[in-house]
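Grab your viewer and a coffee, and let's work through a few exercises on one protein. Each task comes with a solution that goes step by step.

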Amino acid sequence: AFVSAAILLNALFLGYRAGVSIDEVARGTSAPGWLLAVSLIFSLFFVAELLLRAWAERVLFCFGEEWRWNLFDVVVVGLSLIDSIMECTAAGNSNHGQSMPGITIGRMLRLARFFRLIQVA
């Protein structure tokens with residue numbers, strides 16, 4: 001239930017972040033630093049959750065009935081982590097904290113975790 005709530009909160013945060021990103025582009029400003037921090041916290045939480053689940057399931061994580069969903073989660077969490085790293089790197093450059101445009105696909109895939117949550121429930 002806790003992870004499900006985190007996925008839902010992350011989906012809401014991504015929606016808010018998308019609106020802020022549109023404002024950043026329109027006004028030529030950078031996002032507040034707390035947005036980067038929250039994004040990184042979500043990414044690290046999902047990395048920890050994935051590692052704990054892999055440790056708990058051991059071999060079944062890769063070869064059990066849910067292996068396809070686990071692979072999907074690995075890809076989504078990996079892209080999320082890359083996106084967060086790119087945002088942190090870009091924040092120190094002149095890009096005003098914006099990540100590379102192609103990496104935002106990772107943000108959309110994170111929303112797919114929310115739809116997986118609905119499907120599983």
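What follows is a set of exercises on this predicted model, each with its solution.

**Exercise 1: The overall layout**

Work out how many helices and strands the protein has, and describe its burial and surface.

*Solution.*
- Step 1. Start with the elements: there are 5 helices and 0 strands, so reading from the N terminus on gives α-α-α-α-α.
- Step 2. Turn to burial. Of the 121 residues, 31% count as buried.
- Step 3. Add the surface. The accessible area comes to about 7,500 Å², and carbon and sulfur atoms account for 74% of that area.
- Step 4. Check how the contacts span the sequence. If you take contacts between residues at least 6 apart, 66% of them join residues at least 24 apart.

**Exercise 2: The salt bridges**

Find the salt bridges in the whole structure and say which residues are linked in a network.

*Solution.*
- Step 1. A search of the whole structure turns up 2 salt bridges.
- Step 2. Take Glu-49 and Arg-53. Their closest N and O atoms are 3.0 Å apart, which fits a salt bridge because the cut-off is 4 Å. Both residues sit in helix α2 (residues 33-57), 4 residues apart, or about one turn of the helix.
- Step 3. Now take Arg-53 and Asp-73, whose closest N and O atoms are 2.8 Å apart in another salt bridge. Arg-53 belongs to helix α2 and Asp-73 to helix α4, so this pair ties together parts that are 20 residues apart in sequence.
- Step 4. Put the pairs together: Glu-49, Arg-53 and Asp-73 form a network of salt bridges.
- Step 5. Are these residues buried or exposed? Glu-49 has 12% relative accessibility and counts as buried. Arg-53 is buried at 16%, and Asp-73 is buried at 0%.

**Exercise 3: A polar neighbour of the network**

Describe where Asn-70 lies and what its side chain joins.

*Solution.*
- Step 1. Place the residue: Asn-70 is part of helix α4.
- Step 2. Check its cover. The relative accessible area of Asn-70 is 2%, so it is buried, the limit being under 20%.
- Step 3. Look for a partner. The side chains of Asn-70 and Arg-53 are joined by a polar contact of 2.6 Å. Arg-53 also forms a salt bridge with Asp-73.
- Step 4. List the contacts, setting aside neighbours within four places in sequence: Asn-70 touches Arg-53, Glu-57, Leu-60 and Phe-61.

**Exercise 4: The nonpolar core**

Identify the residues of the largest nonpolar core and say which element gives the most to it.

*Solution.*
- Step 1. Keep the general trend in mind: in soluble globular proteins, nonpolar side chains tend to be buried together.
- Step 2. Collect the set. The largest nonpolar core has 11 residues: Ala-6, Ile-7, Phe-13, Val-20, Leu-35, Phe-42, Phe-46, Val-47, Leu-50, Phe-61 and Val-77.
- Step 3. Sort by element. Two or more residues of this core come from each of α1 (2-27) and α2, and α2 gives the most, with 5 residues.
- Step 4. Zoom in on one member. Leaving out neighbours within four places in sequence, Leu-35 is in contact with Phe-13, Tyr-16, Arg-17 and Val-20.

**Exercise 5: Out on the surface**

Which residues make the nonpolar surface patch of about 320 Å², and how accessible is Val-75?

*Solution.*
- Step 1. The patch is made by Trp-67, Leu-71, Val-74 and Val-75.
- Step 2. Val-75 is in helix α4 (residues 67-91). With a relative accessible area of 42%, Val-75 is partly exposed.
- Step 3. For another partly exposed residue, go to Ala-48 in helix α2, with a relative accessible area of 36%. The C-alpha atoms of Ala-48 and Val-77 are separated by 9.9 Å, and these residues are 29 apart along the chain.

**Exercise 6: A backbone oddity**

State the phi of Arg-58 and whether this residue is buried or exposed.

*Solution.*
- Step 1. Arg-58 is not a glycine, yet it has a positive phi of about 50 degrees.
- Step 2. Its relative accessibility is 53%, so Arg-58 counts as exposed, the limit being over 50%.

Conventions
Residues numbered from 1 in each chain as written. Predicted model: local features only at pLDDT ≥ 70, side-chain atom pairs only at ≥ 80, totals over all residues. Heavy atoms only, no water. Patch = residues over 30% accessible without salt bridge, like charges linked within 9 Å, V, L, I, M, F, W, Y side chains within 5 Å. Areas by Shrake-Rupley, 256 points an atom, 1.4 Å probe, with all protein chains shown as cover. Salt bridge = Lys/Arg side-chain N within 4 Å of Asp/Glu carboxyl O. Buried < 20%, exposed > 50% of the residue type's maximum accessible area, 1.4 Å probe, protein only. Polar contact = N/O pair within 3.5 Å; in protein donor to acceptor, adjacent residues only side chain to side chain. Contact = heavy atoms within 4.5 Å. Core = buried A, V, L, I, M, F, W, Y, C linked by side-chain atoms within 4.5 Å.
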